[in-house]
Amino acid sequence: MASSPGSNASLSHEKTILSESSQAKKSQYSEEETFYMNCRAAYLAVFKSSLENIKSKEQLCLVLQQAGRNPSQKMVNQYWTPQTTTLNFDDFCNILKKEKPATKTELLKAFLKVDTNNDGYILHTELYKILTMRGEKMTVEEVNAITKLADVNSNGKLDYNKFCKLYMTTNEQCRKTALEKLEVDSRLRRQQFGSQVETSSERATSPISKPSSKTTRKTDHKPAPKRGDSRTSSRPSSAQSCKASVSSTICLGTSSNTNSELIEPNTVKDWQCAQSKGCFFLEEDGEIITHKYRLYLPQRSTVYITIKPLNLSQLEGKTSPWLSVDTALYVLKENESQENLQLVSFTEAQNKEMFMWKGELGSGIYWLIPFTTGCKLKKIKKQIIGEAKLVYRDGDGELALTKEFKAALSDIFEMIDLDGNGLLSLEEYNFFELRTSGEKCDEEAWTVCKENFDTKKNELTRQGFMDLNLMEANDREGDPSDLWVTLLSLGYNKALEMTEACPFVIDIYAEKCKPRIKAVYLEAGSRQLNRAICKSVVNKGDAKVLDSGESIIVYTYKIDTRITSVIENKSENKVIIHVNNEQSKNCVNNRGLNIFAVEVAPKSMMVCQHVMPLKEQEEWIYNCVHSLVP
């Protein structure tokens with residue numbers, strides 16, 4: 001049957017839309033892959049492996065320069081704080097996503113501000129004054145290095161148009177050189193591993209075939225040609241793929257936030273209970289700091305453990321923005337030492353925002369390590385219009401705290417009152433001090449504090465805490481700078497919204513004894529936590545072998561609201577795994593990239609990624625391809 005002109009036009013329009021959509025996806029894939037490869041090339045121009053960490057400000061500055069950035073001292077200090085000891089490759093990629101390279105236009109604008117004659121030149125004498133006396137001061141030797149560049153200097157003047165062009169050309173040449181070195185290293189590695197597979201010089205990680213939409217799970221092993229086999233692929237080398245890949249597709253419906261596997265025991269209200277609060281704090285580099293706890297059970301008992309975000313909202317009709325943040329609690333048994341903790345279980349059953357576990361524990365000491373994936377608790381760029389006011393002067397000229405600041409301080413008091421008794425002990429106050437100032441309050445200072453502020457049973461009351469902050473404002477004669485340091489370190493923004501922290505509450509119910517829980521540390525995720533996550537995924541997840549030697553395994557674990565993948569490398573060599581989430585829908589992962597790669601050390605396992613639904617009330621599809629890079 002012949003088609004009508006109208007239907008042909010409609011079909012043509014649909015094809016155009018499909019073509020544009022396809023081009024957009026290819027463009028996104030290319031941009032993300034190119035970004036990652038540039039990050040990796042810059043990193044490996046400074047370090048031998050992307051498993052190596054950045055260990056100093058100097059190394060951070062060097063690797064940023066290698067990536068085409070021009071890091072100021074202010075920029076370096078932003079990412080290397082007094083609490084920073086190391087930064088890894090993922091941290092480096094996150095920094096580069098935030099710090100874009102300077103453009104030629106931006107450079108020219110900066111020079112135009114000091115070109116008083118507007119003739120395209122700057123006198124060397126003026127250049128010395130500007131660069132050695134203003135802003136980020138340079139040394140005389142560094143300025144001499146600029147003025148001695150023959151191509152851009154003549155008659156005691158700098159031709160800044162030529163200088164900007166030279167700067168951009170040099171940056172681009174450094175980038176290309178680093179990429180070429182990366183490709184050479186990749187070829188050498190393939191030769192050492194005895195691989196016959198070729199990859200394109202334009203793309204170190206080869207394209208990955210899309211999984212069939214009809215297949216929910218597929219394993220695709222692509223063996224290397226046998227030795228002595230003279231046949232060559234019919235495809236050009238630029239189209240050859242990685243050694244092997246494995247694809248997993250999981251379709252999940254809208255999240256009901258309820259898991260019927262675990263129901264609160266009817267008699268739990270009669271059980272003995274211990275409770276403690278805590279908080280996840282988001283650092284500048286994206287790392288998450290949290291409390292860690294020691295649990296003591298005097299005898300064997302059935303226990304019921306829960307963790308959920310703590311609702312602190314003081315204003316009617318205003319919900320706490322962190323209630324959507326995922327939480328979990330890992331239970332580890334202490335044996336001979338803290339270095340040898342054994343995973344017992346973790347809270348995987350869910351009822352709304354609460355995660356739970358019920359089981360039997362023997363007598364002894366356990367460690368409780370809270371965890372959040374970082375999918376929901378992450379840096380958010382939000383434009384703040386106007387800074388919230390913290391203090392004001394009343395009719396008598398006396399300083400007072402604003403209503404909004406008092407509400408925030410009341411929430412903070414609730415958050416740091418870990419045992420929930422309405423008072424702050426020295427231990428609880430010291431967690432607050434460590435987070436906000438990096439120092440502890442000693443017994444002598446605490447005695448002075450109790451003498452000057454309202455206390456009860458040798459502990460600070462809510463009013464005493466308020467007065468303590470008012471005193472700090474008076475010490476600064478109303479300057480709120482120090483108060484803002486406290487608020488920002490606790491996850492607040494300049495609009496007094498807590499956007500980079502998630503307070504939570506843990507409840508432990510025991511049927512046969514009185515449990516005791518105590519917060520011991522406030523620190524970043526430990527090796528013990530990573531090991532526990534990996535072990536839980538390996539024990540409960542689906543396993544797929546990635547290589548023919550069965551030494552590289554991808555484990556995928558899912559619950560209704562989260563998917564976690566772990567990669568195990570049993571081989572004697574480090575491996576690079578290319579990860580592609582491009583076909584996933586309504587998903588967000590903790591890495592912030594749809595396409596990335598991870599390096600797995602020999603004889604080790606690591607968390608590849610955590611994935612959650614972006615919109616919980618809509619269906620989400622996890623479609624991930626893990627590929628072994630030759």
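How many bridges pair strand E5 (residues 244-252) with E27, and in which sense do the two strands run? In this predicted model, nine bridges link E5 and E27, and the pairing is antiparallel. Within that ladder, Ile250 has Tyr622 of E27 as its bridge partner. Strand E27 also pairs with strand E23 (residues 575-580), again in the antiparallel sense, through five bridges. Here Ile576 is placed opposite Val629 of E27.

The surroundings of E27 are worth a closer look. Ten of the ten residues in this strand (residues 620-629) are buried, so E27 is largely enclosed by the rest of the structure. In a regular strand, side chains alternate between the two faces of the sheet. In E27, Trp620, Tyr622, Cys624, His626 and Leu628 point one way, while Ile621, Asn623, Val625, Ser627 and Val629 point the other way. Both sets are buried.

Stepping back to the whole chain, the protein has 14 helices and 27 strands. Of its 630 residues, 47% are buried. Its accessible surface comes to about 33,200 Å², and carbon and sulfur atoms account for 48% of that area. As for contacts between residues at least 6 apart in sequence, 71% join residues at least 24 apart.

A second region of interest is an open sheet of five strands, arranged in the order E20-E21-E22-E26-E24 with antiparallel pairing. Strand E20 (542-545) and strand E24 (587-589) form its edges, and each of them pairs on one side only. On average, neighbouring strands in this sheet are turned by 25 degrees against each other, direction ignored. Inside the sheet, eight bridges hold strand E21 (residues 552-559) and strand E22 (residues 562-569) in an antiparallel pair. One of the residue pairs in this ladder is Ile559 with Arg562, the latter in E22. Helix H14 (residues 527-540) lies across E20, E21, E22 and strand E26 (604-613), and its direction makes an angle of about 80 degrees with E26.

Another open sheet is built from three strands in the order E1-E3-E2, also with antiparallel pairing. Its edges are strand E1 (121-123) and strand E2 (153-154); each has a single partner strand, so one side of each is left without a neighbour in the sheet. Strand E2 is joined to strand E3 (residues 157-159) by two bridges, and these strands run antiparallel. Asn153 is found opposite Leu158 of E3.

Turning to the interior, nonpolar side chains in soluble globular proteins tend to be buried together. The largest nonpolar core of this model holds 90 residues, and Tyr330, Ile412 and Phe465 touch the most other members. Apart from that core lies another one, of 28 residues, including Phe47, Cys93, Ile95 and Ala178. With residues up to four places away in sequence left out, Tyr330 touches Leu343, Ser345, Phe346, Trp367, Leu368, Ile369, Phe371, Leu529, Ala532, Ile533, Ser536 and Arg562. Of these contacts, Arg562 is the bridge partner of Ile559 described above.

Helix H4 (residues 89-98) has Phe89, Asp91, Phe92, Cys93, Ile95 and Leu96 among its buried residues. Cys93 and Ile95 are also listed in the core of 28 residues. At the start of H4, a side-chain oxygen of Asn88 comes to within 3.1 Å of the backbone nitrogen of Asp90.

Two single residues offer a friendly contrast to close with: which of them is buried, and which is partly exposed? His291, located in strand E7 (residues 288-297), is buried with a relative accessible area of 5%. A polar atom of the His291 side chain lies 3.2 Å from the backbone nitrogen of Cys279. Beyond its neighbours within four places in sequence, His291 is in contact with Gly278, Cys279, Phe281, Pro370, Leu418, Phe431, Ala519, Tyr521 and Leu522. Lys450, by comparison, belongs to helix H11 (residues 443-452) and counts as partly exposed at 26% relative accessibility. Outside the neighbours within four places in sequence, Lys450 is in contact with Thr455 and Asn458. The C-alpha atoms of Lys450 and Thr461 are separated by 9.9 Å, with the two residues eleven apart along the chain.

Note on methods:
Residues are numbered from 1 along each chain as its sequence is written. This is a predicted model: local features need pLDDT of at least 70, side-chain atom pairs count only at pLDDT 80 or more; totals for chains, interfaces and linings use all residues. Side-chain values use heavy atoms; hydrogens and water are left out. Helices (H or I, at least four residues) and strands (E, at least two) are DSSP runs, numbered from the N terminus. Buried means under 20% relative accessible area, exposed over 50%, partly exposed in between (1.4 Å probe, protein chains only). Contact means heavy atoms within 4.5 Å. Accessible areas come from the Shrake-Rupley method with a 1.4 Å probe; for residues, only the protein chains shown count as cover. Two strands pair if DSSP finds at least two bridges between them. Axes are lines fitted to C-alpha atoms, for helices over the stretch in contact, and angles run from 0 to 180 degrees between N-to-C directions. A polar contact is a pair of N or O atoms within 3.5 Å; within protein, one must be able to donate a hydrogen and the other to accept it, and residues adjacent in sequence count only if both atoms are side-chain atoms. A nonpolar core is a set of buried Ala, Val, Leu, Ile, Met, Phe, Trp, Tyr and Cys residues joined through side-chain atoms within 4.5 Å.
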